[in-house]
Amino acid sequence: MTKIEVNATERRQRYAPLLLTLLLSVPAFTVHADDTSRMLNNQPQPPDVRLGPLFNAVQQAKFFPDQKTFADAVPKYDPASILADWQMQKKQRNFDLKRFVAANFTLPTQGDKYVPPAGQNLRDHIDGLWPVLTRTASSAGQYDSLLPLPKPYVVPGGRFREVYYWDSYFTMLGLAESGHWDRVQDMVDNFASLLDRYGHIPNGNRSYYLSRSQPPFFSLMVDLLASHDDGKAYTRYLPQLQKEYDYWMADSDKLAAGSASKRAIKLSDGTVLNRYWDARDVPRTESWMDDVTTAKKAPQRDKAELYRDLRSGAASGWDFSSRWFTDAHNLATIRTTQLAPVDLNSLMFHLEQTLSKGYQMNKQDDLAKQFADRAEKRQAAINRYLWDSKQGWYADYDWQKKQVHSQLTAATLFPLYLRVASDKQAESTASAVEKQLLKPGGLVTTTVNNGQQWDAPNGWAPLQWVAVEGLEHYNQPKLAKEVGLRFLQNVQNTYDREHKLVEKYVVEGKNLGGGGGGEYPLQDGFGWTNGVTLKLLDKYCPKDKTCNSAHDIPQASAAQP
């Protein structure tokens, strides 16, 4: 050990006890109730809490093009001692923060860029990607933000080095299509372990994602596995399905009419719906400066409220979209927590149905009936409050203004996907989708083009599959096929040009292909695109008919809406 390293170690040991004083002396890093709860429950602290003002200083310095880089960096020593050391060294002449970071943290690396074998068709390319995207993290370093998982898992790819909740369902569809049922089982087990450990499935397996979840697809994951194991999954994962439900419905029994708490909303007539929510109200750890910058553009808004709405937008998976904004072109007007989303409540309907099925199979008839009744009430509520009778489609409900938020988005198809809609409502929704959202390259996310990634001109693989399945459920096979084939052609054409799959695609205009917008560059990989593409290939280009290029895929209708 060099003399410099010895001195640094001595300083860390000497000044580590100052950590609490340092944190409390900086107002921007006051310990919040959620963070205190984590400490009491021995949950890992996110890096912005562990490192306090040092985390802020590094993010403000913008050393890395992606703010997630430092969020994923692993401290080489006790974070408290690193913080104390920084407090001493920063006062010295010629202090170099970048050099300090390099000396005290191990930064994440992307690894070698994957180069697929030459001449692979799209199906073979996807099958070959599964092991490339598979990770293991049965243990993690003491100071690592990564949360360990007992089994291997598949990540999306690119900057997304961890497993993500709702992404994983669509990835698992592809794994099942490839015959990797062992990996599907592994991933369901991993999510069950997160429910057992933390009481919910976090956004991803990082400490900084523990304050929120994502669209609750766990019951659909159980559905998928049950289709392969003769239904055993329904009773095997019944305790975890109940924990998922308890998380989303926390405090619902204590709510006064016309109020909300955490993820539950009680309307004036006693109807209970759900919303997206993050337990913290500070900038997102992985997008720290983006959120700080957004807050500066809205000086009149309460910063804690704005940060909560940004975080809750991330919990929705649609980060970000005009769907959540008061002004469709201004991110600073985001009001995620003010809305009862149509996709979330449709997923909760499915969760209630799945719990009813599981309890029935477990011979717990009273609980089976209780959840069947809850699902029936939820269905009625969705068809009353989240149905825009004037426009003729499903949308989110503004529980504070007591009116439907009438914007048409691709989320309108979730009540069809999860069989919530009546035949008449489904027919009207399908007509609106065909006229306004169906584009040459697939289904566009919204009709607003504002630079956000969950808006026009982008289309996303999971929403294409929701559309295809939902439309088929309600006797709309022609429109379902149009959506599926147009998106598949888009993916195939992009693969023919660039030999890769990407996170999102431009689906309207002349330049179809990889999408843009949002807070970070387009990512290659890509888990859920791989899964949905494989499902579409097997649907429209069966394995006994080799599709080696876009010319081999059946053509969608030439007529454009």
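Let me begin with the charges: in this predicted model, the protein carries 67 positive and 64 negative charges, and the mean positions of these two groups are 5 Å apart. Staying with the protein as a whole, its surface exposes about 22,800 Å², of which carbon and sulfur atoms supply 49%.

If you now look at the overall build, you will find 23 helices and 17 strands. The radius of gyration is 24 Å, close to the 24 Å that the globule rule gives for 561 residues, and the protein is therefore as compact as a globular protein of that length. Along the principal axes, the C-alpha atoms fill a box of roughly 75 × 60 × 50 Å. Of the 561 residues, 60% count as buried, and among the contacts with a separation of 6 or more, 69% are between residues 24 or more positions apart.

Let us turn to one helix, α7, which covers residues 79-89: ten of its eleven residues are buried, so this helix is largely enclosed by the rest of the structure. The buried residues of α7 include Leu83, Trp86 and Gln89.

Next come two sheets, and here a general point may help a newcomer. Strands of a sheet pair through backbone hydrogen bonds, and they do so either parallel or antiparallel. In one open sheet, three strands follow the order β15-β16-β17, with antiparallel pairing. Strands β15 (458-459) and β17 (513-514) stand at the edges with a single partner strand each, which means that one side of each is left without a neighbour in the sheet. Strand β16, residues 505-506, pairs with β17 over two bridges in the antiparallel sense, and you can locate the pairing at Val506, whose bridge partner in β17 is Gly513.

The other sheet that I would like to show is also open, with three strands in the order β8-β11-β12 and antiparallel pairing. Its edges are β8 (339-340) and β12 (403-405), and because each has a single partner strand, one side of each is left without a neighbour in the sheet. Between β8 and β11, residues 396-398, there are two bridges in the antiparallel sense, and Leu339 stands opposite Asp398 in β11.

Now to a loop residue: is Val448 buried or exposed? Val448 lies in the loop between β14 (442-443) and β15, and with a relative accessible area of 15% it is buried, since buried means under 20%. Leaving aside residues up to four places away in sequence, Val448 touches Ser322, Ala328, His329, Gln407, Asp455 and Ala456. His329 is 119 residues away from Val448 along the chain, and yet their C-alpha atoms are separated by 8.3 Å.

Finally, let me point out some details of the backbone. The peptide bond from Asp319 to Phe320 is cis, with omega near 5°, and Phe320 belongs to the loop between α16 (303-315) and β8. A cis peptide bond also joins Gly525 and Phe526, with omega about -25°, and Phe526 sits in the loop between β17 and α23 (527-540).

Lys62, although it is not a glycine, has a positive phi of about 55°; this residue is in the loop between α5 (53-61) and α6 (68-71), and at 60% relative accessibility Lys62 counts as exposed. Asp251, likewise not a glycine, has a positive phi of about 75° and lies in the loop between α14 (238-249) and β5 (259-261), where, at 21% relative accessibility, Asp251 counts as partly exposed.

Definitions and conventions:
Residues are numbered from 1 along each chain as its sequence is written. This is a predicted model: local features need pLDDT of at least 70, side-chain atom pairs count only at pLDDT 80 or more; totals for chains, interfaces and linings use all residues. Side-chain values use heavy atoms; hydrogens and water are left out. Helices (H or I, at least four residues) and strands (E, at least two) are DSSP runs, numbered from the N terminus. The radius of gyration is taken over C-alpha atoms; the globule rule is 2.2 Å times the number of residues to the power 0.38. Buried means under 20% relative accessible area, exposed over 50%, partly exposed in between (1.4 Å probe, protein chains only). Contact means heavy atoms within 4.5 Å. Accessible areas come from the Shrake-Rupley method with a 1.4 Å probe; for residues, only the protein chains shown count as cover. Lys and Arg count as positive and Asp and Glu as negative; His and the chain ends are not counted. The place of a charge is taken as NZ of Lys, CZ of Arg, CG of Asp or CD of Glu. Two strands pair if DSSP finds at least two bridges between them.
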